[in-house]
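Open your viewer and get ready to select chains and residues one at a time. Each stop below says what to pick next and what you will find there.

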Amino acid sequence: MKFDPLISIKLNHANREYQPGDLLECEYQVDAVKREELKSIEVATMWYTSGKGDEEEAIHYYERQTTRTSYGEIDLRELSHFSTELPLSPLSYIGTNLNITWCVRVRIVVQATDQSPKEFKYSQPFQLHAYQAS
Amino acid sequence: MARPLIRLIGKKRGSHHSVSHRVGMWGDIAFSVTLLVLGVLASIALISQALRAGPEISIDIWLMALVVLTFIVFGAQGLIRSLLRSRMGDGLKFSFQQNVTKFDFSQRMRGRLKLPHVPLFDTILTSRGSVQKWRLPMTTGQPVKTLAVIIFFSIWICISLVLVYYSISQYLSQKNELHFSWWLPILSLPPSIGLSIWAGKFLKTQLRGRITIDPLKLEISEQPLHPGHTYDVTAIQGGLLHVRSLRIFLVCEEVTSYHQGTDVRTESHEVIRERVFQDRRFEIKPNTPLKETFPIKIPAKAMHSFQGHYNSLQWKLVSIGRYRDMPEIQRSYALIVHPPSPHSLSEGDR
Amino acid sequence: MPTKPASNGQKINPFETRWIRPLALDYISSENQYVSRLLDLVLSSDKPMQIVGTHGIGKTTLAFSLCREATHRGTEAQHFRCGRQPFHEIRKSIETPAKLTVLDEYEQFSMWYKFRSRRIATRSPGKVLVITHQNQGFPTLVHLKPNPEAMKSVVKRLQLQQDYGEVIHSADVEILMAEHGNDCREVLFACYDLFHQRYKKNR
């Protein structure tokens, strides 16, 4: 029985609450997949809308890795890390017809021998609060 | 004290005119209307003459047509120019205003990168206020509807005039009164005139309240706004009005649009509606215009303005005025709320 | 007043547009193996066929379900929105042997493109399915009619997908369908509002 790849994402703030200008640090890893089958991995810090209107999204930070690098073949399953400073806007929002959600999304492409490539995605939402007066 | 003497003939001394401005304006309008009506009537006569002349139209008819066309053009442009310069002009210009928030030239400013998807406050395009720092742009004007009504009325007036002229000329030239070229235009006259009268009444209803009263102006002490802060807003309105009630609301609405196939569905939902000003039964006179200042507070944890391709969160002030002998008038004034920053938090209320 | 930022345990309205788009929904019918049987008919026909129905009845949803079923069976399938995608790509797809080409919003084609597409489709080895509001003269595969039972199943399924109980009941769906003239899309939007009101009230 074959399982889908397992993607795990960990953020530096345990409560997943951030303010504009905070440094978001993220560790991510892929399991339950063979090294040679994992072809590429993309990670993005982004926001998207949901609700009653057309969905739209915007990427704040993006990174892509493939198995082939100038140093030779690498194992994309290994624990990886990135960090980015969060912008001032837009803030997370829950409304009636409109929601704005921030998340870290990892997307991988897996291709087993003699099979077509398959895509898997996993997102970890977090909140971007407004500045609070201290 | 100068005597209020109305001079019919005046002298221009540099930029100063010795004649009454009002007399000059009405004189301009009368002249332009005369030119326009003469042009229209002459064009009707010329067209019927050309039709009778057959396929070969002589050059003098073409020359006359050119002259008649210049009458119409100069008459029309003179009339429009005079109206725009009059007190009605403010209302007319307001009616033709585009939605100012659409022209967000500030997208090209460097500051856009600092606040992605938040409308920026453009100090170049925004007018300064006379009492407060900034004048708020109006976002409602319905230019297409106003223009459509004017064109509709103009077309039916012209059609009626043509039918009247044609009926009379056919009656005078026809020996057989029962010929269809006589009674057909006659029969068309009542519905055409009826439609022209109806169009005129409809135009009067549509424009009443738009061009006959000065638009309400709102000025604000600061822009952009920040949550948790209080700002002063001044409402200014001139003219001669009996006001039954004037209410102003602070509104935040979510605007979402959904596209599927050929369907486009746009929905607005108000999430905040707070009355910030109300007054009843007062009079506005030319020498005592309305000038009221009141505070507005953006709630501390409110969401900032947001502008996406298909979704937006918009803040605005909405005025609803009820006047004697006028339909209710509602106008919107765009506000821009930015997310709080350490700087705005430390500044506190303005 | 919507002042709270998103919480980590954000409650999702099951009728958000991302869940109700034709691509996101499976076509549900009261008949068994409905999509599969329709696909058999399309693939066995040597002429282009059409699906006819009013606004919001589920034509595009059915079209996407047919494409998915075709792909699952190993048959290449592609969905086009007429008037929005280049005609040469549509032509190329129609001329591909054994490929299912779905032409959605067929009314958006000009007379000239209708004539060309009809001509190419009649002569090509590929299979063509036209989605339209009105009869375009092709053999009709199905003329979609309002199906309240199917709509109730869709609403129930959408709520279960997000691990909710039945906040919107079958009786509500019947009332909404009567109010919105059996326009399924409008019914789903109305379910969004109703769900939001009831969910907020019960919290």
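## Chain A first

Select chain A: of its 134 residues, 50% are buried, where buried means under 20% relative accessible area, exposed over 50%, and partly exposed in between (1.4 Å probe, protein chains only). What you have open is a predicted model, in which local features need pLDDT of at least 70, side-chain atom pairs count only at pLDDT 80 or more, and totals for chains, interfaces and linings use all residues. Residues are numbered from 1 along each chain as its sequence is written, chains are lettered from A and ligands numbered from 1 in the order in which they are written, and side-chain values use heavy atoms, with hydrogens and water left out.

Now colour chain A by secondary structure. How many helices and strands does chain A have? The count is zero helices and eleven strands; here helices (H or I, at least four residues) and strands (E, at least two) are DSSP runs, numbered from the N terminus.

Turn chain A along its principal axes, and its C-alpha atoms fill a box of roughly 55 × 35 × 25 Å. Among contacts in chain A with a separation of 6 or more, 65% are between residues 24 or more positions apart; a contact means heavy atoms within 4.5 Å.

Switch on the surface next. Chain A exposes about 6,900 Å², with 46% supplied by carbon and sulfur atoms; these areas come from the Shrake-Rupley method with a 1.4 Å probe, and for residues only the protein chains shown count as cover.

Then pick out the charges of chain A: 14 are positive and 20 negative, and the mean positions of the two groups are 6 Å apart. Lys and Arg count as positive and Asp and Glu as negative, while His and the chain ends are not counted. Each charge is placed at NZ of Lys, CZ of Arg, CG of Asp or CD of Glu.

## Two cis bonds and a loop

Most residues other than glycine have a negative phi, and most peptide bonds are trans. With that in mind, zoom in on S89(A) and P90(A), which are joined by a cis peptide bond with omega about -5°. P90(A) sits in the loop between β8 (80–85) and β9 (93–94) of chain A.

Move to chain B and select Q223(B) and P224(B), where you will find a cis peptide bond with omega about -5°. P224(B) belongs to the loop between β4 (217–220) and β5 (230–237) of chain B.

While in chain B, select A300(B), in the loop between β8 (290–297) and β9 (306–307). Is A300(B) buried or exposed? It counts as exposed because its relative accessibility is 57%. Beyond its neighbours within four places in sequence, A300(B) is in contact with P227(B) and G228(B). Try a distance label too: the C-alpha atoms of A300(B) and P340(B), 40 residues apart along the chain, are separated by 9.2 Å.

## Over to chain C

Select chain C, which has eight helices and five strands. Read from the N terminus, its elements run α-α-β-α-β-α-β-α-β-β-α-α-α. Of its 203 residues, 50% count as buried, and its C-alpha atoms fill a box of roughly 60 × 35 × 35 Å along the principal axes.

Stop at E105(C), in the loop between β3 (100–104) and α5 (111–123). E105(C) is not a glycine, yet its phi is positive, near 55°. With a relative accessible area of 9%, E105(C) is buried.

Next comes D163(C), in the loop between α6 and α7 (170–179) of chain C. Its phi is also positive, about 60°, although D163(C) is not a glycine. D163(C) is exposed, with a relative accessible area of 73%.

Step to K152(C) in helix α6, a buried residue with a relative accessible area of 13%. Not counting residues up to four places away in sequence, K152(C) touches S170(C), V173(C) and E174(C).

## Last stop: the largest cavity

Select G56(C), I57(C), G58(C), K59(C) and T61(C), which lie nearest the centre of the largest cavity among its 35 lining residues. Elements giving two or more residues to that lining include β6 (241–260) of chain B and α3 (59–72) of chain C. The volume of this cavity is about 550 Å³, and the structure holds three cavities of 30 Å³ or more. On a 1 Å grid over the protein atoms alone, a cavity is a set of points where a 1.4 Å probe fits but cannot get out, and lining residues have an atom within 4 Å of a point. Grid points are joined across faces, edges and corners, and a volume is the space filled by probe spheres set on the points.

Technical notes: 1 Å grid on protein atoms, 1.4 Å probe; cavity = no way out; pocket = protein on both sides within 12 Å on 5 of 7 lines; lining within 4 Å.
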